[in-house]
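Thank you all for coming. I would like to take a few minutes to walk through a structure that will be new to most of you, and I will try to go slowly.

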Amino acid sequence: MSRIACGVVAGPLYLVVGYAQAFTRSGFDLAQHPFSMLSLGSLGWIQIANFVVSGALFLVAATGMARFSKWGARLIGLMGVGMILGGVFVADPALGFPAGAPAGPPESMSWHGALHAVAFGIAMIGWIGACFVFARRLGGWLAVLSGLTGVLLMAPMAFLGNPGGTVLLYVVATIGWLWTSAVSLKLSRPAFSS
């Protein structure tokens, strides 16, 4: 298996593990809780591992992508680092999750919650940047999809914390993970040589 193929697997793995928990963890609400909150509680280790393993897979994929686009690979690697850090530094309990957490946002952010927010920013910068780099690097429909995905990934940032913002984040992030798999699949094919 080529190193780039790790990028084909990473996004779907993250989504399957995340959505499986979202539909089975008591009190978790996709309309208001981001996947990051799944790192909390007695089963939080599952989401922590999901962040770390998926991020590591993206780092491995980035090492293979470097022969096609150094900047694209660096940005995918940055996304992977952000994901790993997002697993290491967990979000703060809030919005009633897990059980016993404050009903609203935390009154003050803990140091690990603040670093989790920084990790999210790092991952998003890498991911959005990679979309635009690969939009220039790839041709045809995948170039168009890359540019559109980059624009879509920016949209939820303006709505986070507002009604519907978390749902928008899920929709756009799911598109983004599938884009990442499509680009990784394209680059892992032997026919893609320039």
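I will begin with the whole chain, then turn to two of its helices, and end with a few individual residues.

Please keep in mind throughout that what you see is a predicted model, and that every value I quote has been computed from it.

Let me start with the overall make-up. The chain has six helices and zero strands, and if you read along the sequence the pattern is simply α-α-α-α-α-α. For a chain of 194 residues, a compact globule would be expected to have a radius of gyration near 16 Å, and the 17 Å found here agrees with that. The C-alpha atoms, taken along the principal axes, fill a box of roughly 55 × 30 × 30 Å.

Of the 194 residues, 46% are buried. The accessible surface comes to about 9200 Å², and carbon and sulfur atoms account for 72% of that surface. As for how the chain meets itself, if we consider contacts between residues at least 6 apart in sequence, 66% of them join residues at least 24 apart.

Now to the helices, beginning with H1. This helix has 20 residues and spans 29 Å from its first C-alpha to its last, which is close to the 28 Å expected at 1.5 Å a residue. Its buried residues include Ala5, Cys6, Gly7, Tyr14 and Leu15, and what covers the buried residues of H1 includes H2, H3 and H6.

Helix H2, at residues 44-65, has 22 residues and reaches 32 Å from end to end, counted between its first and last C-alpha atoms, close to the expected 32 Å. Which residues of H2 are buried? Among them are Gly44, Gln47, Asn50, Phe51, Leu57, Phe58 and Met65. The buried residues of H2 pack against four helices that you can find in the picture: H1 at 5-24, H3 at 70-88, H4 at 111-137 and H6 at 165-188.

Next, I would like to look at the loop between H3 and H4, where several details come together. Most residues other than glycine have a negative phi, and most peptide bonds are trans. With that in mind, consider Leu95, which sits in this loop and has a positive phi of about 55° although it is not a glycine. Leu95 counts as partly exposed, because its relative accessibility is 28%. A little further along, a cis peptide bond joins Phe97 and Pro98, with an omega of about -10°, and Pro98 too is found in the loop between H3 and H4.

The same loop holds Ala103. Is Ala103 buried or exposed? At 71% relative accessibility, Ala103 counts as exposed. Setting aside residues up to four places away in sequence, Ala103 touches Leu95 and Gly96, so that we come back to the residue with the positive phi. Ala103 and Met79 are 24 residues apart in sequence, and their C-alpha atoms are 31 Å apart in space.Let me now move to two threonines. Thr149 is found in helix H5, at residues 140-154, and it is buried, with a relative accessible area of 1%. Leaving aside its neighbours within four places in sequence, Thr149 is in contact with Cys131, Ile175, Gly176 and Trp179. Thr166, for its part, lies in helix H6 and is buried, with a relative accessible area of 12%. What does Thr166 touch, once residues up to four places away in sequence are not counted? The answer is a run of residues from another part of the sequence, namely Leu30, Ala31, Gln32, His33 and Pro34.

Finally, let us look at the surface. Leu152, Val167, Val171 and Ile175 form a nonpolar patch there, with about 280 Å² of accessible area together, and H6 gives the most to this patch, with three residues. One member of the patch, Val171, is found in helix H6 and is partly exposed, with a relative accessible area of 47%. Another member, Ile175, is one of the residues in contact with the buried Thr149.

That is where I will stop, and I am happy to go back to any part of the picture.

Technical notes: Residues numbered from 1 in each chain as written. Predicted model: local features only at pLDDT ≥ 70, side-chain atom pairs only at ≥ 80, totals over all residues. Heavy atoms only, no water. Helix = DSSP H or I, 4+ residues; strand = E, 2+ residues; numbered from the N terminus. Expected span 1.5 Å × (residues − 1). Buried < 20%, exposed > 50% of the residue type's maximum accessible area, 1.4 Å probe, protein only. Contact = heavy atoms within 4.5 Å. Rg over C-alpha atoms; globule rule 2.2 N^0.38 Å. Areas by Shrake-Rupley, 256 points an atom, 1.4 Å probe, with all protein chains shown as cover. Patch = residues over 30% accessible without salt bridge, like charges linked within 9 Å, V, L, I, M, F, W, Y side chains within 5 Å. Salt bridge = Lys/Arg side-chain N within 4 Å of Asp/Glu carboxyl O.
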